[in-house]
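Here are a few exercises to try with the model open in your viewer. Have a go at each one before you read the worked solution.

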Amino acid sequence: MEKKIYLDNAATTKTRPAVVEAMLPYFTESFGNPSSVYELATQNKKAIDEARGIIAEALGAEISDIYFTAGGTESDNWALKATAEAYASKGNHIITSKIEHHAVLHSCEYLEKHGIEVSYIDVDENGIIKLEELKKAIRPTTILISVMFANNEIGTIQPIKEIGEIAKANQILFHTDAVQAFGQLAINVSELNIDMLSASGHKLNGPKGIGFLYIRKGLKLRSFIHGGAQERHRRAGTENVPGIVGFGKAVEIAMETMEERQKKEVELRDKLLKRVLKEVPYVRLNGHRTKRLPNNANFSFQFIEGESLLIMLDMQNICASSGSACTSGSLDPSHVLLAIGLPHEIAHGSLRLTLCEDNTEEEMDYVVDRIKEIVEKLRSMSPLYEDFVKSNRK
Amino acid sequence: MYSEKVMEHFSNPRNVGEIENASGVGTVGNAKCGDIMRIYLDINNGGIIQDVKFKTFGCGAAVATSSMATELVKGKNVKEALQVTNKAVMEALDGLPAVKVHCSLLAEEAIHAALWDYATKNNIVIEGLDKPKSDISEGEAEEIY
């Protein structure tokens with residue numbers, strides 16, 4: 001295929017043309033600083049609040065509880081570090097999972113160097129957090145539970161409602177990193193007892209460099225970025241007006257099209273899953289079969305290494321990602337794949353394909369056909385496969 | 001991220017395969033770190049490497065360095081093959097990203113391991129060849145750059 005087949009929508013998504021169109025005036029004629037007094041500026045304040053309103057409605061939240069940030073990573077950092085600081089008099093213990101995004105895990109590691117104790121809860125073989133272990137980890141000093149809504153690598157959706165109930169019953173704050181889930185799954189912060197929620201614009205066909213943190217009214221969280229009085233004194237810095245407007249537009253479209261998209265993506269994804277699992281030997285699906293994001297497929301192919309697979313897929317115009325060490329920038333494969341119990345060599349052979357509504361059945365067929373060829377080629381070069389075949393012959 | 005040479009060797013690796021009853025076989029690396037290289041040498045009575053094959057489990061750089069290393073030792077005598085260092089492999093590939101330098105070390109080590117196997121089988125001593133490490137550990141790989 002001449003056209004690029006983009007199957008890395010968990011990494012980032014294409015900004016929708018309607019989103020770009022909504023943003024454009026705010027770069028040019030409506031460039032005013034929302035904090036200024038003249039009309040050129042105040043109309044931008046309105047545009048920001050419109051976007052805030054769309055997002056609040058999408059979450060069943062109060063409009064004043066949405067705080068714009070520069071992205072999901074900032075939101076996660078803010079939620080964890082500011083909670084640790086604001087609730088220091090109550091305790092110094094945080095509970096999280098072993099499969100969080102690095103924005104949460106590395107923030108936790110930072111906090112551990114500053115007197116905070118962190119419990120990292122295990123997940124089962126499908127990547128679902130062990131609720132009994134979570135309950136047992138609760139201490140009188142626990143101030144926060146932070147568990148992601150859905151995992152970015154294996155797509156597993158966490159039992160957020162149950163975690164929210166546990167947190168509420170124990171009077172512990174509950175933060176969820178919903179960067180992958182927001183816009184893909186229906187989320188209601190009140191029904192789910194979520195106190196803080198992080199999300200990002202570019203994962204739902206919005207622009208990069210914009211995100212938000214939902215902070216339930218009454219929480220004592222203070223500013224993380226100090227400066228001006230923007231975002232009700234809680235997040236300083238001149239607002240990214242085009243980004244916020246684009247984010248709002250993207251959320252509006254995502255909410256309108258959610259059901260339809262889910263249906264289409266699940267259909268395509270399941271076709272892909274079925275064919276790969278049936279036609280490629282020595283492969284496994286990572287993550288839960290059904291409790292997973294509609295667009296996520298994650299496989300491990302035995303005896304081969306992920307980066308080689310990615311490069312060969314790229315040569316066939318297919319964009320994908322892997323949890324192998326070579327792609328993570330370290331010598332260890334993905335912490336998520338290790339947490340679900342995969343041995344290192346199987347984790348190295350992982351492939352994540354994350355679809356979007358624009359993908360077609362034809363593309364899925366093309367991708368599976370190429371995967372089959374490439375996996376076979378790489379196995380023919382693999383000493384692990386050679387050993388496996390020889391030991392079978394004996 | 002990779003040079004054209006690396007991509008070329010990755011796309012069309014030279015000397016992939018096995019040699020039955022090889023004069024020497026060396027396997028280095030481990031699956032935990034995501035790289036395993038196996039090199040087969042066919043060495044004639046005059047000590048010339050007349051054929052060489054490899055199999056590699058690993059990233060693009062691991063495949064390319066294996067391919068290049070086999071090219072560099074083919075037709076050489078044992079002593080000359082011993083001079084094929086990781087640096088020579090890297091230079092021949094127009095360089096490697098810093099995080100991939102350990103792949104070239106692994107390639108050098110795989111050649112040495114195959115030569116060691118040949119020496120052991122034939123009860124000879126190859127001057128300058130020490131018993132190879134079966135693995136390139138993370139720490140060592142990092143010290144190099």
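**Exercise 1.** Is B:Asp94 buried or exposed in this predicted model?

*Solution.* Start with where B:Asp94 sits: the loop between helix 4 (86-92) and helix 5 of chain B. Next, take its relative accessibility, 53%. The cut-off for exposed is over 50%, so B:Asp94 counts as exposed. While you're there, check the backbone: B:Asp94 has a positive phi of about 60°, although it is not a glycine.

**Exercise 2.** Now do the same for A:Phe303: buried or exposed?

*Solution.* Look in the loop between strand 10 (296-301) and helix 9 (306-315) of chain A. A:Phe303 comes out at 10% relative accessibility. Buried means under 20%, so A:Phe303 counts as buried. Its phi is positive as well, about 75°, and it is not a glycine.

**Exercise 3.** How are helix 2 and helix 5 of chain B oriented to each other?

*Solution.* First, the axes of helix 2 (residues 60-73) and helix 5 of chain B come within 9 Å and cross at roughly 40°. The two helices are therefore oblique to each other. The crossing is right-handed. Among the residues making the contact are B:Ala61 and B:Thr65 of helix 2 and B:Ala107 and B:Ile111 of helix 5. Sorted by class, the contact has seven nonpolar, three polar and no charged residues.

**Exercise 4.** Which helix gives the most to the largest nonpolar core?

*Solution.* Find the core: it has 73 residues, and those with the most contacts inside it include A:Phe299, A:Leu351 and B:Leu115. Helix 5 (residues 101-121) of chain B gives the most, with eleven residues.

Definitions and conventions: Residues numbered from 1 in each chain as written. Chains lettered and ligands numbered in written order. Predicted model: local features only at pLDDT ≥ 70, side-chain atom pairs only at ≥ 80, totals over all residues. Heavy atoms only, no water. Core = buried A, V, L, I, M, F, W, Y, C linked by side-chain atoms within 4.5 Å. Buried < 20%, exposed > 50% of the residue type's maximum accessible area, 1.4 Å probe, protein only. Helix = DSSP H or I, 4+ residues; strand = E, 2+ residues; numbered from the N terminus. Axes fitted to C-alpha atoms, helices over the stretch in contact; angles between N-to-C directions. Parallel < 35°, antiparallel > 145°, perpendicular 65-115°, else oblique. Left-handed = near helix turned anticlockwise from the far one by under 90°. Contact = heavy atoms within 4.5 Å. Nonpolar A, V, L, I, M, F, W, Y, C, P; charged D, E, K, R; others polar.
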